[in-house]
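Dear colleague,

Here is the structure I said I would pass on. My notes on it follow below.

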Amino acid sequence: MCLLLTTHIGYSQIYNTEIEAKINMESNTEFISITGSAFNKTEFSQSVRYVLSVIKNDPQSSNRSKNDQSGRIVLDAGQKSNLSSTTINAGDTDRIIILLLIYDLENNLKGKDRIVINGTEADNKEQALKEEKELNLSPDAQHDNSDGVFLRGIVLEETKTKPGRDFFKEFSSLYQNNNLNGREVVTVKEELALANNTKIQILVANEVIFEFFVRPQTDFLKQAATESIRRVFLHFKYLEESKDYVRRF
């Protein structure tokens, strides 16, 4: 079975700047699990309303069905949260549109994502355009390894102790789960400090944006990772707003 997945390329250009909508899918031989999530990219809490829709179109009979799941949630600054989940039959041959819409309290559309399963030729062209955009290809880029490609989301580990490595695992997991995907390289660097202690520094490019003395307790490392991710997010946002965000890798 071949699943053709398409996300509308224009959505991320207009929406998803403050609240990002994302549809995630996992499939097995019988079912496809669908989960809609929201990511608050701002520095303050936001109350939002969401609608996750599954729209089926039978090309033979032209029959159409639509199933909606909706709700409300408050997202803290920098928080990513799953909103709603559903499943569909993996063997379904209908053209299926999965649509996630996120609104603010004034009913303004803030986030939007769309996936098409068993799509048409037009859907496939949209998918190709989206994949090219996600690779950040310049107009004259012809190959994946050309100079037109920007590598994103690089996190380097320079730790020395087990607590340092445990922190890095927690940090890198949060970095991926929050879809930070920054252009600047992030480095987690552990250095020796006084009295046999160590200190961890979080660097974006070569700039230290956060540092702390390491303690081996799991709760402390998780809290430190959460705060580090918040600092990285705010620094990325500052770089974008100041237009000082042009380094290529």
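K199 and E211 form a salt bridge through their side chains, with N and O 3.7 Å apart. Because K199 belongs to strand 10 and E211 to strand 11 (residues 207–213), this pair ties together parts that are 12 residues apart in sequence. Both ends are partly exposed: K199 has a relative accessible area of 21%, and E211 stands at 39%. Please keep in mind that this is a predicted model.

E211 has a second partner. Its side chain also makes a polar contact of 3.0 Å with the side chain of Q201. Q201 is in strand 10 (residues 198–204). Unlike the charged pair above, Q201 is buried, because its relative accessibility is 11% and the cut-off for buried is under 20%. Beyond its neighbours within four places in sequence, Q201 touches T187, V188, K189, E191, V208, F210 and E211.

Two residues from that list, K189 and E191, are themselves joined by a salt bridge, at 3.6 Å from N to O. K189 is partly exposed at 29% relative accessibility, and E191 is partly exposed at 27%.

In total the structure has eight salt bridges. One of them pairs K237 with E43, with the closest N and O atoms 3.9 Å apart. That pair links distant parts of the chain: K237 sits in helix 4 (residues 218–241), E43 sits in the loop between strand 2 (31–40) and strand 3 (46–57), and the two are 194 residues apart.

On the aromatic side, the whole structure contains six aromatic pairs. A single cluster takes in F167, F171, Y175, F210, F212 and F220; F210 is also among the contacts of Q201. Elsewhere, R49 places its charged end over the ring of Y103, 4.3 Å from the ring centre.

As for the protein overall, there are four helices and 11 strands. Of its 249 residues, 41% are buried. The exposed area is about 14,400 Å², and carbon and sulfur atoms supply 46% of that. For contacts between residues at least 6 apart in sequence, 61% join residues at least 24 apart.

If you look at one place to begin with, I would suggest E211, where the salt bridge to K199 and the polar contact with Q201 can be viewed together.

Regards

Note on methods:
Residues numbered from 1 in each chain as written. Predicted model: local features only at pLDDT ≥ 70, side-chain atom pairs only at ≥ 80, totals over all residues. Heavy atoms only, no water. Buried < 20%, exposed > 50% of the residue type's maximum accessible area, 1.4 Å probe, protein only. Polar contact = N/O pair within 3.5 Å; in protein donor to acceptor, adjacent residues only side chain to side chain. Contact = heavy atoms within 4.5 Å. Phe/Tyr/Trp six-rings, centres within 6.5 Å; stacked < 30°, edge-to-face > 60°. Lys NZ or Arg CZ within 6 Å of the ring centre and 35° of its normal. Areas by Shrake-Rupley, 256 points an atom, 1.4 Å probe, with all protein chains shown as cover. Salt bridge = Lys/Arg side-chain N within 4 Å of Asp/Glu carboxyl O.
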